[in-house]
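Morning, everyone. Please have the structure open on your screens. I'll be quick.

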Amino acid sequence: MKAPLHILYLEDDPMDAELVEETLAVSGIACRVKRVQSEPEFVASLEQGGVEMILADYSLPSFDGLAALKIARRGWPHLPFIFVSGTLDEEVAIEALKIGATDYVFKTRLSRIAPSVQRALREAGKRSELERAEEARRRSEAYLAEAQRLSHTGSFGWRIASGDIVWSEETFRIFDFSPTVAPNLELILQRVHPDDRVSVHQTIDRASTDGTDFEHEYRLLMPDGLVKHVHVVARASRDGTGSVEFVGAVMDVTVHHQARALLEEDIARRKRAEAAEAANRAKDEFLANVSHEIRTPMNAILGMTELVLDTSLNDDQRRWLKTVKSAADNLLGMINDLLDFSKIEAGKMELDLAEFSLRAALDDTLRALALRAHKKGLELICDVQPEVPDALIGDATRLRQILLNLVANAIKFTDEGEIVLRVEVGASTPIGEVGLRFTVRDSGIGISPEKQEKIFCAFEQEDTSTTRRYGGTGLGLSIAAQLVALMGGKITVDSEPRRGSTFAFTARFACHPHPSDPASAQAPAHLHKLPVLIVDDNATNCHILEEWSRSWRMEPVAVCDGVAAMEALSDAAALGNPYQLVLLDARMPDTDGLVLAGEIRERAELSAARIILLISGDVPGDLDHLRELRIDAHLFKPVQQFELLATISRVMRRAPSDRETSGAEDKGMASEPRSASTFSLVRNSPADKPLRILVAEDNEFNAQLLEQLLVRRGHHVRLVKNGRDALTTAEEKTFDLLLLDVHMPELDGYEVIRAIRERERSTGGHLPVIALTARSREEDRERCLAAGMDDFLTKPIQAAGLWIGIDRVVRNTDSARAPTDRPSTRLVDASVLLSACGGDPDILEAICNNFRVRLPDELAGLHKALANQDARQLREGAHKLFGMMAAFSAAAGAVVSELEDHAARGQLDQAATLMEQLNAMTRELPQVVANLSIESLRQAAGNGKSAN
């Protein structure tokens, strides 16, 4: 059922309203009429909504119909509005219709009201349909315009005959014209880029003449200078008269061009990067080849020079040969710098992270340079602050390289005064890490401010005269700066000409999870309140020794010359509180240290003092003279803090009678603790066990050098000159060791080792092989080990390095061949452990406790890695364990070292066998270690045995 028509009727007479409603009802128009008679009622009803038609009397007492019409047309323009009036005035009716009334019905002709309402409803329906269609058209156009805007595509129409052009809104935007501008062809062509106008003209002329479709892409030059790329597509059609009309689209493809340009640039960048990488590889390979070609003859030069220096020579000959060796060493250093620089430039320099002792690394570094400094009369001082941890994880080799460079430069550019290396804790770091600050201060020539940045650039020094006077490539500081950056730090310099220089750098390291820092150990109670006299003419040395002594709760006094020292000793003895210890510099300008020691020993009231001599360079005089002066110990400068404390503790523990009754071998000399790096190997001393060694070397000079070195050690040597002979001769199975040159004719070293290892898989056995190569890159070492070599030595071969390599490989092989079920009763190496603890019971106890605590965790890590078949983790764990194990047992250390090598090569089957050997050793070691004492170690060392 159709709903009744809702009519709003503006009428003051209710009778008239009822009559109209009845008339409509009789005519079949169901309606619901609401009568209002004032403007507020009228407006309120309209605003409530639902009104479908308005009927209005023309004249009301307070409100007339014309006013109502105007209100309705402003707010509800499409609502039908019919006047129903008793006024018979056609002029008024016409006026109402002009204003917007739908119809005008006189009350005297009320029969016309129903047709008028029906006609008004029909017209309103038609208007609604038109409005809906118009609204749909407007929405469609809006959608199209938005789509064009989003796709940057405009549309156009172009009649050739009339020249009329119609554009969409987006087309105006693309061409940057105001919508008020009438587009025409000439105006469009003004926007075309000058370089594209000819081709655009040709395309338009051809299309308009032939009436064919066209497609073209060209550039627009906008008024602000911006260049756009547009792509135009047009479809041609003809009307009834044959006139051509084009309808098309204009696409702004600037973004696509930019993306394509970026892609092309990226492709070009990748090609350049690939070319640069290829160039880097070529450069790296070239430098490696050059290094090989230089190192091979260098091996002969250095080796033969060392051999001749071991013979009887007159002074001139020895001086000349030392000059040759020094020049060759310098050349070798330059080659190493070039290779490091090549790695850094190619982005291949990486840090090799491992556990290390900071103070041991510093000791190794400074002892290597001490002789050079002392020969120039320079004081070389190391000052490590007490709060600096010792057990770190980082690349100790690269740290030493940085320090060697900085300290060596300081020595090179300093003629008098001192060089001080200071280490302190730097800025705060995340938990588990430590940031250290290293400073190297000298009193040398200094650097002008404008040159200070230049010195860190490759191949640069302060000026060309520096190169001529001091030598060098200018690469050292550049390499040091980039190594510091790899360590997460930065290097700086503070200097003035003739005022010295201070180089400083920061570096970050991981902290060892189980630290055992020697510097953190408290001084033994017997050293508390110990009166100590420090005698040294260098104020910095005096200050550092005083600080250390006070931190150990001693009572130090420092003087700078012999006269002041004798006065201080005499005054203290007279007051009944004599100095019990004298730290005495061996070289002072006014009074030599040994002379002063003699004067002290000649005075009965002073002779009870213990004397520790601090030596720069070689031991002054001979050891017999030191024993005669009853020097209790001597240490080489620069002295490490833990080393000095251990020596003082040992010296002060000894009873006075020990100094008088010690055996002829000791004569009162306490052996100072020294790191393994300070012990030198005697080049011509015989080997413990003569070996049968096969040497495969095609270079005649190198072969002769190796033969001479090995024969002098008592080994039996056989030479072959190519890889094929090496492989054939090795089949005899009469050799204990093969020294194999990697680059040889016929078969190279890699082919030889692969053939040997393949043969051993079926026949059994294992021939130890040491690779010899002039290539020193880490990837060369890894390639050798992966191929099956047991060790790797870089040419030029140094005698000491050769003996260490042979000893390590042969010892490891012997350990691997030992039966796994044989009980180990001689595991601990007494002499090695005595050296490690310096003969101090407290230090020995600390070392043993640390060993027993750490060993289970380290072993558990190895077992887990082996169970997971994780070769990398097994290698890292074995590397960590080796340092601790080797300090106690060479045999166990050898097994761990070989375990690390097998893990590095991925040979986990052999690693499992070695783990069984290690398990057997470690079951016994903790019990042996728990019962160690200084006395048992000394007894075992004296008998040439291991402790058990």
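I'll go through confidence, then some strands and helices, then one residue.

This is a predicted model. So how confident was the predictor? The average pLDDT for the protein is 80. A score of at least 70 is reached by 84% of the residues.

Some stretches do worse. Residues 660-685 stay under 50 in pLDDT. The model still gives that stretch 53 contacts beyond four places in sequence. Residues 819-825 are also below 50. That stretch has eight contacts in the model beyond near neighbours in sequence. A word of caution here: where pLDDT is low, predicted coordinates should not be read in detail.

Now to the start of the chain. Find strand S1, residues 5-10, and strand S2, residues 31-36. They run parallel, and six bridges join them. Look at Leu5: Cys31 in S2 stands opposite. What do S1 and S2 make together with helix H1? With H1, residues 14-26, they form a β-α-β unit, and the unit is right-handed.

Next, move along to a sheet of five strands. In which order do the strands lie? The order is S19-S18-S20-S21-S22. The sheet is open, and the pairing is parallel. Its edge strands are S19, at 555-559, and S22, at 633-636. Each of those two pairs on one side only. On average, neighbouring strands in this sheet are turned by 20° against each other, ignoring direction.

Let's zoom in on one pair. Strand S18 covers residues 531-535, and strand S20 covers residues 581-585. Four bridges link S18 and S20 in the parallel sense. Take Val535: its bridge partner in S20 is Leu584.

Helices lie against these strands too. Helix H17, residues 593-602, packs on the sheet. H17 touches S18, S20 and S21, and its direction makes about 175° with that of S21. Then there is helix H15, residues 539-551, which lies across S18, S19 and S21. H15 runs at about 170° to S19.

Last stop: Ala410. This residue sits in helix H12, residues 396-412. Is Ala410 buried or exposed? Its relative accessible area is 3%, and buried means under 20%, so Ala410 is buried. Which residues does Ala410 contact, leaving aside neighbours within four places in sequence? They are Ile419, Val440 and Asp442. Now find Thr502, which is 92 residues from Ala410 along the chain. The C-alpha atoms of Ala410 and Thr502 are 9.1 Å apart.

That's my tour. Over to you.

Definitions and conventions: Residues numbered from 1 in each chain as written. Predicted model: local features only at pLDDT ≥ 70, side-chain atom pairs only at ≥ 80, totals over all residues. Heavy atoms only, no water. Pairing = 2+ DSSP bridges. Right-handed = clockwise from strand over helix to strand, strands pointing away. Axes fitted to C-alpha atoms, helices over the stretch in contact; angles between N-to-C directions. Contact = heavy atoms within 4.5 Å. pLDDT = per-residue confidence, 0-100. Buried < 20%, exposed > 50% of the residue type's maximum accessible area, 1.4 Å probe, protein only.
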